[in-house]
Amino acid sequence: MKEEAGSLKRLPIKKADILLALILSVTGIFLLLIGRLNAGENSRLWVRGYQDGVPVFEYPADAQVRTTIHTPDKTGINVVVIDDNKVYVDSADCPGKDCVKRGIITRSGEEIICLPHRLVIRIEGGEGIDVMAD
Ligand SMILES: [Zn+2]
């Protein structure tokens with residue numbers, strides 16, 4: 001055992017290992033760049049809700065969630081559904097119900113706005129902040 005460990009240490013690691021590390025890091029950077037390019041398409045998307053510009057919820061877009069968002073004064077609600085990359089307001093008690101009529105959004109950058117409730121629901125690409133699991 002001692003001899004084996006000793007011989008391992010004496011293996012000619014230098015060039016091959018440096019080359020390997022180089023290849024790996026270049027590959028990593030390459031993959032990262034590809035990921036960035038595809039951020040609006042395939043990589044993980046997040047559904048974020050903002051009330052008066054303040055984040056109130058965040059879920060992965062491929063989650064299956066039905067959540068009720070109350071207005072800050074508790075007089076109104078929006079029922080937000082996230083169903084495998086489809087996001088919509090299922091029901092709301094706002095006047096006009098434009099947020100419900102907006103229908104389904106699926107792509108990064110799309111948003112549902114409920115003006116009376118000052119609620120914005122937006123699909124955003126990129127890396128998530130810490131997920132608030134329900
Ligand atoms: Zn609304």
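**View 1. The four-stranded sheet is open, with strand order β2-β1-β7-β6 and antiparallel pairing.** The edge positions belong to β2 (54-60) and β6, each of which pairs on one side only. From one strand to the next, the twist averages 15 degrees. The view is taken from a predicted model. In the whole protein chain there are three helices and seven strands. Read from the N terminus, the order of these elements is α-α-β-β-β-β-β-α-β-β.

**View 2. Strands β1 and β2 form a hairpin with two residues between them.** Their pairing is antiparallel and runs over six bridges. Gln51 is placed opposite Val54 of β2. Another pair shown here is Arg48 with its bridge partner in β2, Glu58. In the turn, Asp52 has a positive phi of about 55 degrees.

**View 3. Strand β1 (residues 46-51) also pairs with β7, in the antiparallel sense.** Six bridges connect these two strands. Trp46 stands opposite Glu124 of β7. Glu124 also appears in a second pair of positions: its C-alpha atom is separated by 8.1 Å from that of Arg107, although the two residues are 17 apart along the chain. Arg107 belongs to the loop between α3 (98-101) and β6 (111-114). Is Arg107 buried or partly exposed? Arg107 counts as partly exposed, because it has 13 C-beta neighbours inside 10 Å, and a buried residue needs 20 or more.

**View 4. Strands β6 and β7 form a hairpin with four residues between them.** The two strands are antiparallel and share four bridges. Cys114 faces its counterpart Leu119 in β7. Arg118 lies in the turn and has a positive phi of about 50 degrees.

**View 5. The side chains of β7 (residues 119-124) alternate between two faces.** Leu119, Ile121 and Ile123 point to one face and are buried. Val120, Arg122 and Glu124 point to the other face and are not buried. Two of the buried residues, Ile121 and Ile123, are among those with the most contacts inside the largest nonpolar core.

**View 6. The open three-stranded sheet has the order β3-β4-β5, with antiparallel pairing.** Which strands stand at the edges? They are β3 (64-70) and β5 (86-92); each has a single partner strand, so one side of each is left without a neighbour in the sheet. Neighbouring strands of this sheet are turned against each other by 20 degrees on average, direction ignored. Strand β4 (residues 77-83) runs antiparallel to β5 and is joined to it by six bridges.

**View 7. The loop between β4 and β5 holds Asp84 and Asn85.** Next to this loop, Asp83 has Lys86 as its bridge partner in β5. Asp84 is not a glycine, yet has a positive phi of about 50 degrees. The phi of Asn85 is also positive, at about 75 degrees, and Asn85 is not a glycine either. Why does Asp84 count as exposed? Asp84 has 10 other C-beta atoms within 10 Å, and a residue is exposed if that number is 12 or fewer. Asn85, with 16 C-beta neighbours inside 10 Å, counts as partly exposed.

**View 8. The largest nonpolar core has 17 residues.** The residues with the most contacts inside this core are Val47, Ala61, Ile82, Val87, Val89, Ile121 and Ile123. At least two residues of the core come from each of β1, β4, β5, β6 and β7. Which residues does Val87 contact, leaving aside its neighbours within four places in sequence? They are Val47, Ala61, Ile82, Ile104, Ile105, Ile121 and Ile123. Over the protein chain, buried residues make up 15% of the 134 residues. Of the contacts between residues at least 6 apart in sequence, 33% join residues at least 24 apart.

Technical notes:
Residues are numbered from 1 along each chain as its sequence is written. This is a predicted model: local features need pLDDT of at least 70, side-chain atom pairs count only at pLDDT 80 or more; totals for chains, interfaces and linings use all residues. Two strands pair if DSSP finds at least two bridges between them. Axes are lines fitted to C-alpha atoms, for helices over the stretch in contact, and angles run from 0 to 180 degrees between N-to-C directions. A nonpolar core is a set of buried Ala, Val, Leu, Ile, Met, Phe, Trp, Tyr and Cys residues joined through C-beta atoms within 7 Å. Two residues are in contact if their C-beta atoms, placed from the backbone, lie within 7 Å.
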